Amino acid sequence: MSMDDFQVLGSCGEGSFASVWKVKRRSDGQTYAIKKVNTSKMNRKEIQDTLNEIRFLASIRHPRIVGFYEVFQVQEDQAICMVLEFCAHGDLAQEVDKHRKAKTWFPEPRLWRYLAQVLEALKVLHERGIVHRDVKTANCFLGEGDTVKLGDMNVSKRMKDGALLQTQTGTPYYMSPEIWANQPYGPPSDIWSLGVLLYELAALRKPFTASSFPELRRKVTAGAFPPLKAQRYSADLARALAL
């Protein structure tokens with residue numbers, strides 16, 4: 001298999017080492033996403049993270065996790081290409097941005113639905129001893145029927161024999177207090193990140209913001225964040241965020 005087997009329909013985004021493309025496979029006319037990872041400038045750990053992502057995605061089939069189909073190499077570009085499920089409706093970070101610009105709010109039933117669906121995805125990972133380690137709005141993709149699928153497992157890690165993890169990794173705004181404190185952590189760290197995600201959906205802003213890493217660390221470890229406006233959402237949602 002090679003890129004010649006696909007017609008590129010457009011770009012879905014680009015990061016430091018990877019680009020994602022909307023493609024149509026010539027053999028069956030189906031639409032997919034190809035995540036093309038350029039390994040030429042990656043160190044050994046970064047390449048290992050990519051291989052781990054492939055292993056995890058290939059081992060899991062679940063409607064709440066972005067589907068993985070195939071992988072192939074492009075030798076001339078020193079690239080690894082993953083053929084993934086295409087989520088046509090973007091991600092939750094884009095939805096937050098749309099609501100913020102339009103000065104509108106997510107309906108509360110939708111927030112509960114998104115919460116339940118991401119929890120379902122995390123349950124699947126945690127039952128397999130896998131900690132996602134980067135749960136955030138940009139990694140929750142929207143499928144058909146307003147469903148959410150968790151993706152981007154580049155920094156995910158399996159706990160060996162149940163041993164807690166040590167490496168400080170993730171997106172700072174969503175990282176749990178134990179990660180900030182360089183303490184051992186496990187699946188509850190993902191649940192913290194999910195709480196940050198839920199707050200962001202409800203408030204259209206992150207609960208913890210700062211102009212420096214030390215300040216952000218202090219705010220996260222203190223666990224102090226602005227409360228939701230009482231008239232906008234129910235007391236049940238406010239209590240869920242306060243847990």
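Which residues does Glu53 touch, not counting residues up to four places away in sequence? I started my notebook here, working on a predicted model.

**Entry 1: Glu53**

I looked up the contacts and got Lys35, Met82, Asp152, Met153 and Asn154. Glu53 itself lies in helix α1. I then checked its accessibility: the relative accessible area is 2%, so Glu53 goes down as buried, the cut-off being under 20%. I also looked for a polar partner, and found the backbone nitrogen of Met153 at 3.3 Å from a polar atom of the Glu53 side chain.

**Entry 2: Asp152 and Asp146**

Asp152 was on the Glu53 contact list, and I went to its backbone next. Its phi is positive, about 55°, although Asp152 is not a glycine. I noted this because most residues other than glycine have a negative phi. Asp152 is in the loop between β8 and β9 (157-158). With a relative accessibility of 30%, I wrote Asp152 down as partly exposed.

Asp146 gave me another positive phi on a residue that is not a glycine, this one about 60°. I found Asp146 in the loop between β7 (140-142) and β8 (148-150). Its relative accessible area is 24%, which makes Asp146 partly exposed.

**Entry 3: the two domains**

I looked up how the protein is divided, and it comes as domain 1 (3-85) and domain 2 (90-241). Their centres, taken over C-alpha atoms, are 24 Å apart. Across the boundary I have 13 residues of domain 1 in contact with 19 residues of domain 2.

**Entry 4: the largest pocket**

How much space lies in the largest pocket? I get about 1200 Å³. It is lined by 40 residues, and the closest to its centre are Val20, Lys35, Asn139, Phe141 and Asp152. Lys35 and Asp152 I already had as contacts of Glu53.

I asked next which parts of the chain build the lining. Each domain, 1 and 2, puts in at least three residues. Among the elements that supply at least two residues each are β1 (6-14), β2 (18-25), β3 (31-38), α1 (44-59) and β5 (79-85). The most comes from α1, with 6 residues; this is the helix that holds Glu53. By class I wrote down 16 nonpolar, 13 polar and 11 charged residues for the pocket lining.

**Entry 5: the cavity**

I searched the whole structure for cavities of 30 Å³ or more and came back with 1. Its space is about 70 Å³. Of the 13 residues that line it, the closest to the centre are Arg133, Asp134, Tyr174, Met175 and Ser193. Helix α5 gives the most to this lining, with 3 residues. The class split of the cavity lining is 4 nonpolar, 6 polar and 3 charged.

**Entry 6: Thr137**

Is Thr137 buried or exposed? Its relative accessibility is 2%, so I have Thr137 as buried. It is found in the loop between β6 (130-131) and β7. Leaving aside neighbours within four places in sequence, I listed its contacts as Asp91, Leu92, Ala93, Val96, Tyr174, Leu197, Glu200 and Leu201. Tyr174 is one of the residues closest to the centre of the cavity. I also took the C-alpha distance to Val96: 8.3 Å in space, for residues 41 apart in sequence.

**Entry 7: Tyr199**

I moved to helix α5 (residues 187-203), where Tyr199 lies. At 1% relative accessibility, Tyr199 is buried. Its contacts, not counting residues up to four places away in sequence, are Leu204, Arg205, Lys206, Pro207, Phe225, Pro226, Leu228 and Leu241. With Arg205 there is also a side-chain to side-chain polar contact of 3.2 Å. I checked Gly151 as well: it is 48 residues from Tyr199 in sequence, and the C-alpha atoms are 20 Å apart.

**Entry 8: the ends of α6**

My last stop was helix α6 (residues 213-222). What sits at the start of this helix? A side-chain oxygen of Ser212 reaches to within 3.3 Å of the backbone nitrogen of Glu215. Just after α6 I found Gly223 with a positive phi of about 70°.

Terms used: Residues are numbered from 1 along each chain as its sequence is written. This is a predicted model: local features need pLDDT of at least 70, side-chain atom pairs count only at pLDDT 80 or more; totals for chains, interfaces and linings use all residues. Side-chain values use heavy atoms; hydrogens and water are left out. On a 1 Å grid over the protein atoms alone, a cavity is a set of points where a 1.4 Å probe fits but cannot get out, and a pocket is an open set with protein on both sides within 12 Å along at least five of seven lines; lining residues have an atom within 4 Å of a point. Grid points are joined across faces, edges and corners, and a volume is the space filled by probe spheres set on the points. Helices (H or I, at least four residues) and strands (E, at least two) are DSSP runs, numbered from the N terminus. Ala, Val, Leu, Ile, Met, Phe, Trp, Tyr, Cys and Pro count as nonpolar, Asp, Glu, Lys and Arg as charged, and the others, Gly among them, as polar. Domain bounds come from an automatic or database domain assignment. Buried means under 20% relative accessible area, exposed over 50%, partly exposed in between (1.4 Å probe, protein chains only). Contact means heavy atoms within 4.5 Å. A polar contact is a pair of N or O atoms within 3.5 Å; within protein, one must be able to donate a hydrogen and the other to accept it, and residues adjacent in sequence count only if both atoms are side-chain atoms.
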